[in-house]
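Here is my note on the model you sent round. Please read it with the coordinates open.

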Amino acid sequence: MDWWVWVILAVIVLVVLLTLAVLVQRRRRRGRVIGLGGGDR
Amino acid sequence: MIPPSPTSAILLRARELAGRPVVTLGGELEAEIKDVVFESDGGPVAGFTLRNEGLFSRARKDALPWRAVHGVGRDAVMIRDVEQLVPAEELAPKKVARKGNVLDDRVLTDSGRELGTVLDVVLQGGAGLDVVGYEIEASEGLGTAGRRVFIPLPDTVAVSGENLIVPASAAEFVSEDLSGFGAAVDEFRSRLREGRDEGEQN
């Protein structure tokens with residue numbers, strides 16, 4: 001394959017990884033509301 | 001002097017607190033709020049877990065117990081002193097924190113009717129912060145399927161596994177907006193108290 005195909009593939013992989021990281025982080029930053037005690041918890 | 005009516009107290013959603021900066025009275029920014037931790041037995045907020053600032057910041061190993069909070073403001077949570085932070089494991093052990101998250105849990109009545117899924121938890125500010133209700137995505141059983149509504153909670157919050165149990169009468173006090181929700185909570189709780197008093201007299 002030509003060198004520019006590898007460059008495009010690398011850019012696509014980077015963009016996908018970055019998007020996933022941001023999505024995961026946004027979900028983590030949403031915060032949780034944790035109930036202590038009570039029943040099975 | 002007339003004590004302030006509970007309905008006049010401020011209501012806010014627990015998730016609004018996530019990301020709010022934690023600042024000392026000396027003006028130093030210490031951390032951001034990560035999770036809200038509350039006691040199921042009675043519903044007071046026990047404290048907050050913390051994280052550092054920034055998009056890819058990690059959770060901190062210390063946590064903010066309620067006794068260290070000076071005030072919860074619109075833009076920041078004020079603390080007296082960083083010395084009063086406690087280890088996160090002390091406030092909410094990891095295992096408890098993993099299982100105890102009520103967001104996305106199902107809400108069932110004690111008669112087995114599903115009311116919806118928890119989107120947020122409603123807190124009432126006063127001397128402390130207390131859990132007074134859930135914001136839920138209503139299910140078919142509530143007759144307003146798919147809509148966001150507020151459902152009041154009794155003084156003691158019952159949780160079990162992935163289901164949150166509320167008295168069946170809570171469905172009669174569902175509110176569609178947060179501003180009128182405080183009155184619904186008061187009415188619901190006084191109804192429960194009346195029921196308890198009648199039960200004791202009989």
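The points below take chain B from its overall build down to single residues.

1. Status. This is a predicted model. Local features are discussed only where pLDDT is at least 70. Side-chain atom pairs count only at pLDDT 80 or more.

2. Overall build of chain B. Chain B holds three helices and 14 strands. Its C-alpha trace spans about 55 × 45 × 30 Å along the principal axes. The radius of gyration is 18 Å, which agrees with the value near 17 Å for a compact globule, because chain B has 202 residues. Buried residues account for 34% of those 202. Take the contacts between residues at least 6 apart in sequence: 47% of them join residues at least 24 apart.

3. Two domains. The domain assignment splits chain B into domain 1 (11-99) and domain 2 (100-201). Their C-alpha centres lie 24 Å apart. The contact between them takes 17 residues from domain 1 of chain B and 20 residues from domain 2 of chain B. On the domain 1 side, strand S1 (11-13) and helix H2 (94-100) of chain B each supply at least two residues. That side has ten nonpolar, three polar and four charged residues.

4. The core. Where does the largest nonpolar core lie with respect to the domains? The core has 51 residues, and B:Val37, B:Val107 and B:Ile151 touch the most other members. Strand S11 (residues 129-138) of chain B gives the largest share, six residues. Both domain 1 and domain 2 of chain B contribute residues, so the core lies between them. As a general point, nonpolar side chains in soluble globular proteins tend to be buried together.

5. B:Val107. Which residues does B:Val107 contact, leaving aside its neighbours within four places in sequence? They are B:Leu115, B:Gly116, B:Val118, B:Tyr134, B:Ile136, B:Ile151, B:Leu164 and B:Val166. B:Ile151 is itself among the core members that touch the most others.

6. B:Glu137. This residue sits in strand S11 of chain B. Is B:Glu137 buried or exposed? Neither label fits: B:Glu137 counts as partly exposed because it has 18 C-beta neighbours inside 10 Å, and buried would require 20 or more. Beyond four places in sequence, B:Glu137 contacts B:Gly116, B:Thr117, B:Leu119, B:Gly146 and B:Arg148. B:Leu119 is 18 residues away in sequence, yet the C-alpha to C-alpha distance is 6.5 Å.

7. Strand S3 of chain B. S3(B) covers residues 29-39 and is mostly covered, with eight of its eleven residues buried. Within chain B, S3(B) pairs with strand S2 (residues 21-24) in the antiparallel sense through three bridges. Here B:Val22 stands opposite B:Ala31. Four residues separate S2(B) and S3(B) in this hairpin, and B:Gly27 takes a positive phi near 95°. S3(B) also pairs with strand S4 (residues 45-51) of chain B, antiparallel over six bridges. In that pairing B:Val36 has B:Phe48 as its bridge partner.

8. Link to chain A. Which strand of chain A pairs with S3(B), and in what sense? Strand S1 (residues 33-36) of chain A does, in the parallel sense, over four bridges. A:Leu36 stands opposite B:Glu39. When checking S3(B) in the viewer, keep both chains on display.

Definitions and conventions:
Residues numbered from 1 in each chain as written. Chains lettered and ligands numbered in written order. Core = buried A, V, L, I, M, F, W, Y, C linked by C-beta atoms within 7 Å. Buried ≥ 20, exposed ≤ 12 C-beta atoms within 10 Å, placed from the backbone. Domains from an automatic or database assignment. Contact = placed C-beta atoms within 7 Å. Nonpolar A, V, L, I, M, F, W, Y, C, P; charged D, E, K, R; others polar. Rg over C-alpha atoms; globule rule 2.2 N^0.38 Å. Pairing = 2+ DSSP bridges.
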